[in-house]
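Colleague: Could you take me through one part of this protein slowly, strand by strand? I'd like to see how that part is put together and what lies around it.

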Amino acid sequence: MKKCTSLCSQSNSVFRMLIMGSMNPGKIQRDAKVLIVGSGIAGISAALKLNVAGFKNVHILEATGRSGGRIKTGKMGMANWIHGPSEENPVFCLARQYGLLDPEALTPENQAMDVAGHPPWVPNFFTNNATRSLGFSVVSNILKVECCVNGTHSMDAVGLSGLSLYKTLPGLDCTFPKSVSVVEFNECTHTVTYNCPVRCIEWNNTEAQSTVKVECEDGTGMTADHVIVTVSLGYLKKHHSAMFSPPLPLHKLQSIQRQGFGTNNKIYVEFDSPWWDADCEVIYFLWEDEVNIPSSWIKKLFGFTVLKPTER
Ligand SMILES: Cc1cc2nc3c(=O)[nH]c(=O)nc-3n(C[C@H](O)[C@H](O)[C@H](O)COP(=O)(O)OP(=O)(O)OC[C@H]3O[C@@H](n4cnc5c(N)ncnc54)[C@H](O)[C@@H]3O)c2cc1C
């Protein structure tokens with residue numbers, strides 16, 4: 001079976017972490033109790049890092065019954081790309097540590113390849129005459145790819161001030177050949193409490209109260225020296241006022257309010273046999289008469305990437 005995947009727009013994959021408690025690193029003791037809210041890749045990474053650094057009293061509170069958050073193994077994948085797979089990329093390092101990657105992705109050549117965030121895809125354009133309008137449709141397609149990369153459905157939502165700040169890591173983008181089950185990351189010594197949504201975090205960092213109090217939806221409470229919050233931006237936007245007491249500092253609130261996100265859709269299409277060239281990696285959709293095409297979601301598809309090996 002041949003498979004293609006299309007990405008309409010991709011959510012941002014910034015690890016958001018709010019660290020509540022003592023802000024003085026000099027005071028942080030190795031026996032400090034650390035609670036992590038959320039067992040997605042950010043929460044698990046934080047727990048692993050702390051474990052490696054010698055913190056043994058680390059515990060994760062997860063709202064659902066599983067780890068992984070937005071990473072979930074299914075017949076049709078969710079998050080499957082590692083962008084910039086090289087030493088600086090924590091997802092790459094974790095996947096390498098747990099033997100989840102193809103040997104090709106691990107080669108020094110692959111990790112050193114600097115593609116400035118845009119994979120050197122070999123495209124197939126199907127056309128019989130290159131016209132000026134076709135040129136414009138190529139530009140339009142580039143903007144659709146940009147929307148995908150920025151995790152939005154429209155260039156209107158892309159903050160131009162951030163364009164030059166985006167840091168791309170070296171390494172040729174790779175996928176997980178095996179299933180991306182975050183359960184595999186969970187064998188380290190930290191523990192996770194599932195089905196435990198956190199309702200409120202009291203983080204008064206005063207002389208009188210240096211610990212952080214965490215209250216769960218079921219009414220249970222616990223204290224910690226430090227709490228790391230890794231819930232999604234969407235959750236923070238909706239719940240920050242109820243979740244934090246006292247409210248978060250203004251600069252954090254403004255970051256939460258100003259950042260946005262759009263729709264992220266992948267469509268998988270299977271064919272019995274390939275009709276594209278053997279070296280084709282991406283099939284772009286170009287609409288020469290785009291303005292005249294009635295409004296349709298199909299126009300937002302930038303194209304399909306070809307999954308390899310083909311039987312995957
Ligand atoms: C369809 C799709 C495709 C994607 N493709 C890619 C890709 O190819 N490459 C890539 O790099 N990225 C991709 N991403 C983005 C990537 O999946 C995310 O950036 C990443 O998984 C986010 O991890 P996280 O730990 O920050 O957040 P999440 O995975 O959202 O984890 C947060 C966790 O917090 C828990 N939580 C929420 N509220 C509470 C609460 N009150 N109490 C306790 N726990 C709580 C949630 O249940 C969740 O488990 C994709 C995302 C989607 C949706």
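Modeller: Happy to; here is a walk through the open sheet and its surroundings. Please keep in mind that this is a predicted model. The protein has seven helices and 16 strands, and four of those strands make up the open sheet, in the order β11-β10-β9-β13 with mixed pairing. β11 and β13 (244–245) are the edge strands, and because each has a single partner strand, one side of each is left without a neighbour in the sheet.

Let's start inside the sheet. β9 and β10 run antiparallel and are joined by four bridges. Within that pair, Cys 200 stands opposite Glu 215 in β10. Now follow Glu 215 towards the other side: its bridge partner in β11 is Gly 221. β10 pairs with β11 (residues 221–224) in the antiparallel sense, over four bridges. These two strands form a hairpin with four residues between them, and there Gly 219 takes a positive phi near 95°.

The sheet also has a link to the nonpolar core. β9 (198–202) and β10 (212–216) each supply at least two residues to the largest nonpolar core, as do β3 (34–37), α1 (41–52), β4 (58–61), α2 (90–97), β12 (226–229) and α6 (233–243). That core has 39 residues, and those touching the most other members are Val 34, Leu 35, Ile 36, Val 37, Ala 47, Ile 201 and Val 227. The element that gives the most to this core is α1, with seven residues. As general background, nonpolar side chains in soluble globular proteins tend to be buried together.

Two more places are worth a look while you have the model open. One is Gln 259, in the loop between α7 (250–258) and β14 (266–271). With 15 other C-beta atoms within 10 Å, Gln 259 is partly exposed. The C-alpha atoms of Gln 259 and Leu 233 are 8.1 Å apart, although the two residues are separated by 26 residues along the chain.

The other is helix α5 (residues 132–150), whose 19 residues reach 28 Å from first C-alpha to last, close to the 27 Å expected at 1.5 Å a residue. Its buried residues are Asn 141, Lys 144, Cys 147, Cys 148 and Asn 150. After α5 comes Gly 151, with a positive phi near 70°.

Stepping back to the whole protein, buried residues make up 24% of its 312 residues. Among contacts between residues at least 6 apart in sequence, 75% join residues at least 24 apart.

Terms used
Residues are numbered from 1 along each chain as its sequence is written. This is a predicted model: local features need pLDDT of at least 70, side-chain atom pairs count only at pLDDT 80 or more; totals for chains, interfaces and linings use all residues. A nonpolar core is a set of buried Ala, Val, Leu, Ile, Met, Phe, Trp, Tyr and Cys residues joined through C-beta atoms within 7 Å. A residue is buried if 20 or more other C-beta atoms lie within 10 Å of its own, exposed if 12 or fewer, and partly exposed in between; C-beta atoms are placed from the backbone. Two residues are in contact if their C-beta atoms, placed from the backbone, lie within 7 Å. The expected span of a helix is 1.5 Å times one less than its number of residues. Two strands pair if DSSP finds at least two bridges between them.
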